[in-house]
Every structure is written in structure tokens, then in C-alpha cells.
Amino acid sequence: MGRENQTWMSEFILLGLSSCWDTQLSLFVLFLVMYLVTVLGNFLIILLIRLDSKLHTPMYFFLSVLSLVDICYTNSTVPQMLVHFLSAWKSIPFHSCVLQLLISLAMGSSEFFLLGAMAYDRYVAVCHPLHYTVIMHGGLCLGLAAGCVGAGFMNSTMQTIIIFRLPLCRNVINHFACEMLAVLRLTCVDISFNKVMVAISGFLVIMLPCFLVLFSYGRIVTAILHIRSAQGRCKAFETCASHLTVVSMCFGTAIFTYLRPTAGSSAEQEKMVALFYAVVTPMLNPLIYSLRNKEVMSALRRLLGKFNKKSELKTF
């Protein structure tokens with residue numbers, strides 16, 4: 001029955017954010033600007049880290065991976081949403097919907113694991129500064145990054161297979177993308193097992209990295225309080241402030257979406273939270289890490305200085 005329904009259901013209809021044409025035009029302009037800022041901002045972070053040797057450290061390696069994940073996550077949903085703002089028929093083929101859910105869920109899961117790895121990196125930097133380069137060597141950093149992305153894809157593949165093997169009674173998705181909870185609402189069978197799987201997945205993907213972050217920052221705060229000089233405490237806190245801000249946004253929105261009681265949630269609330277996580281958070285990440293980070297701003301000034309020198313030489 002499930003496979004027959006899936007074969008017959010060749011496409012899905014996405015209701016999007018609004019049915020008003022004027023509102024859709026306004027949202028198109030707004031989200032187009034946000035999308036460009038997201039892609040350019042994250043690409044600039046990757047470029048700066050790649051070109052500036054002073055940023056070739058474990059912290060900035062993880063930051064470059066995080067920026068790449070944010071670019072992939074945004075590109076999995078936002079371009080289609082922008083096209084649909086200007087379309088009368090907001091459809092998405094079945095296989096494109098499967099791929100979109102697979103990629104977006106994988107990138108979202110990978111981001112949580114990466115934030116946990118970055119918290120461990122900050123813990124080693126603050127609590128074991130003399131052994132930092134020995135502990136956080138290149139092999140470990142590469143292995144952690146690969147493990148984070150691999151675990152994200154494992155979770156995404158499992159969830160996607162389970163969801164799309166269910167028989168679907170409707171093809172109208174009350175969302176701007178093929179999101180996990182929105183697709184589950186299309187089923188015509190009991191989804192108690194799927195709710196259990198979502199809860200287990202949420203615990204493993206969201207809460208375990210969150211516990212790692214809390215444990216790391218608990219040790220970090222203890223270490224900072226033992227620093228005698230106010231300048232030393234301030235410097236130690238500055239190394240963690242940007243990461244802690246991003247962690248609060250990402251884990252907060254995810255816990256609100258996937259780990260709260262189902263009875264207290266609605267499709268419209270989930271759309272707004274998913275929109276914040278898909279569009280706003282990836283846009284703010286590079287801004288937070290650049291504006292609050294003196295090393296990144298210094299690297300940007302050095303890069304601009306090189307371009308200015310090259311342009312001056314060309315004029316002569």
C-alpha cells in the first residue's frame with residue numbers, strides 16, 4: 001500500500017508562508033537579501049580562514065566546516081522557497097522532496113555535532129592551554145569533523161527512509177519545504193513509532209551535543225573564575241562568546257521544534273521556527289563570528305589591504 005501511494009504521488013504541493021501575492025513579493029525581496037548575505041558571509045569566512053595562515057587553528061577549522069554546512073543547509077531549502085514566492089503552482093517532485101529532506105536534515109544534524117566538537121575545542125583551549133596543540137592535532141580535528149558530518153547523514157538517511165516508507169494520504173504540505181514533521185502529517189496510518197524515533201533522534205542529535213556543550217562550558221567557567229587577572233578572564237571569555245551565542249540560537253530553536261510536547265505545537269509555529277533556523281541562523285553565524293572576533297576582523301583587513309596594494313600597483 002505504501003509503495004503504491006508513493007508511486008502514484010509524483011509530486012507534493014507546498015503551501016508556503018502566504019497566499020497573498022503582495023506579501024509573497026515582499027517576502028521574496030526580504031529572503032533574497034538574507035540568502036545572499038548568508039552565502040556571501042559564510043563563503044567569506046571560509047575564504048579568510050583558507051587564505052590567512054594566522055587562522056589555521058583548530059577553532060577556525062571547525063568554523064570553516066560550520067560555514068560550509070550552513071551554505072549547504074541554506075541551499076537545500078531557500079532557493080526553492082524563493083522560486084515558489086514567484087510561482088502560482090508551488091509543487092515539488094517526489095524525489096526532490098526526498099532529497100531535500102535528506103540534505104536539510106543531514107546538515108542540521110551535522111551542525112549540532114559540530115557545535116559540540118567546537119565546545120570541546122574551547123574546553124581544551126581554556127582548561128589545557130599548554131597541551132592544546134598536542135591534543136587538538138590535525139588528525140583529531142579532521143576525524144571529528146568527518147564524524148560529525150557522517151553522523152548527521154546517518155541520522156538523516158535513517159529518518160528519511162522510515163518517513164517515506166509510510167503510506168501518504170495527501171500531497172499538500174503545510175510548510176515552505178519538505179520538513180520532517182510536516183511530511184509526517186500526510187500519513188494515513190498510526191505514526192506512534194515515528195514519534196518515538198523522532199524523540200530518540202532528537203535526544204541523540206540535539207541533547208547529547210547539548211550536554212557536551214554544557215559540560216564543557218561548566219568546566220570553562222570554573223577555569224575562568226580561577227584566573228586571577230581581570231584581563232585574563234576577559235580574554236578567556238572572548239574566545240567562547242561567539243560560539244556560545246550561536247549555540248544558544250541553534251539548540252534553542254531545535255529543542256523548541258522537536259523536543260517539546262506534540263500537543264503544544266502547531267504547524268504555523270513550526271514553520272516560523274524552521275524559517276528562523278533555515279534562514280536567520282545561517283545568516284547570523286558569520287556576522288557573529290566576524291563582528292565579535294578580533295582575529296577574523298584583522299584577517300579581513302589584511303585581505304582588503306592586499307587587494308588595495310594590488311590595485312594600486314596596477315594603476316602604476
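## Helices, a small sheet and a buried histidine

Let's start with helix H6, residues 138-164: at 1.5 Å a residue, its 27 residues should span 39 Å, and the end C-alpha atoms are indeed 39 Å apart, so the two figures agree. Keep in mind that this is a predicted model. H6 is a good place to begin, as its mean pLDDT of 94 is the highest among the elements of the chain.

Which residues of H6 are buried? The list is Cys141, Ala145, Cys148, Gly152, Asn155, Ser156, Gln159, Thr160, Ile162, Ile163 and Phe164. Gly138 also belongs to H6, but Gly138 is exposed, with a relative accessible area of 54%. The C-alpha atom of Gly138 is 7.5 Å from that of Pro58, although 80 residues separate the two along the chain.

Helix H2 can be checked in the same way. H2 takes in residues 21-51, which makes 31 residues, and its first and last C-alpha atoms are 44 Å apart, close to the 45 Å expected at 1.5 Å a residue. Its buried residues include the aromatics Phe28, Phe31 and Tyr35. Gln24, Thr38 and Asn42 are among the buried residues of H2 too.

What does the record say about the helices? The unreviewed UniProt entry annotates "transmembrane region" at residues 25-48, 60-78, 98-120, 132-154, 196-215, 236-260 and 272-291. Here is how two of those spans look in the model:

| Span | End-to-end C-alpha distance | Helix | Strand |
|---|---|---|---|
| Residues 25-48 | 34 Å | 100% | 0% |
| Residues 98-120 | 33 Å | 100% | 0% |

Now for the sheet. Three strands make up an open sheet in the order S2-S1-S3, and the pairing is mixed. S2 (91-93) and S3 are the edge strands, each with a single partner, so one side of each has no neighbour in the sheet. S1 (residues 11-14) pairs with S2 in the antiparallel sense, over three bridges. Glu11 sits opposite Pro93 of S2, and Phe12 has Ile92 of S2 as its bridge partner. Helix H4 (residues 94-127) packs on this sheet and touches S1, S2 and S3, with its direction at about 85° to that of S2. On the other pairing, S1 and S3 run parallel and are joined by two bridges. There, Leu14 has Ile173 of S3 as its bridge partner.

Is His175 buried or exposed? With a relative accessibility of 2%, under the 20% cut-off, His175 counts as buried. His175 lies in the loop that runs from strand S3 (172-173) to helix H7 (180-184). Setting aside neighbours within four places in sequence, His175 is in contact with Leu14, Leu15, Gly16, Ala182, Glu270, Lys271 and Ala274. Leu14 thus turns up twice, as a contact of His175 and as the bridge partner of Ile173.

Finally, a word on confidence. The chain has a mean pLDDT of 84, and 88% of its residues reach 70 or more. Helix H1 (residues 2-8) has the lowest mean among the elements, at 46. Residues 1-7 have pLDDT below 50, and this stretch makes eleven contacts in the model beyond near neighbours in sequence. Where pLDDT is low, the predicted coordinates shouldn't be read in detail.

Note on methods: Residues numbered from 1 in each chain as written. Predicted model: local features only at pLDDT ≥ 70, side-chain atom pairs only at ≥ 80, totals over all residues. Heavy atoms only, no water. UniProt positions renumbered as here; feature names shortened; annotations may be inferred. Helix = DSSP H or I, 4+ residues; strand = E, 2+ residues; numbered from the N terminus. Buried < 20%, exposed > 50% of the residue type's maximum accessible area, 1.4 Å probe, protein only. Contact = heavy atoms within 4.5 Å. Pairing = 2+ DSSP bridges. Axes fitted to C-alpha atoms, helices over the stretch in contact; angles between N-to-C directions. Expected span 1.5 Å × (residues − 1). pLDDT = per-residue confidence, 0-100.
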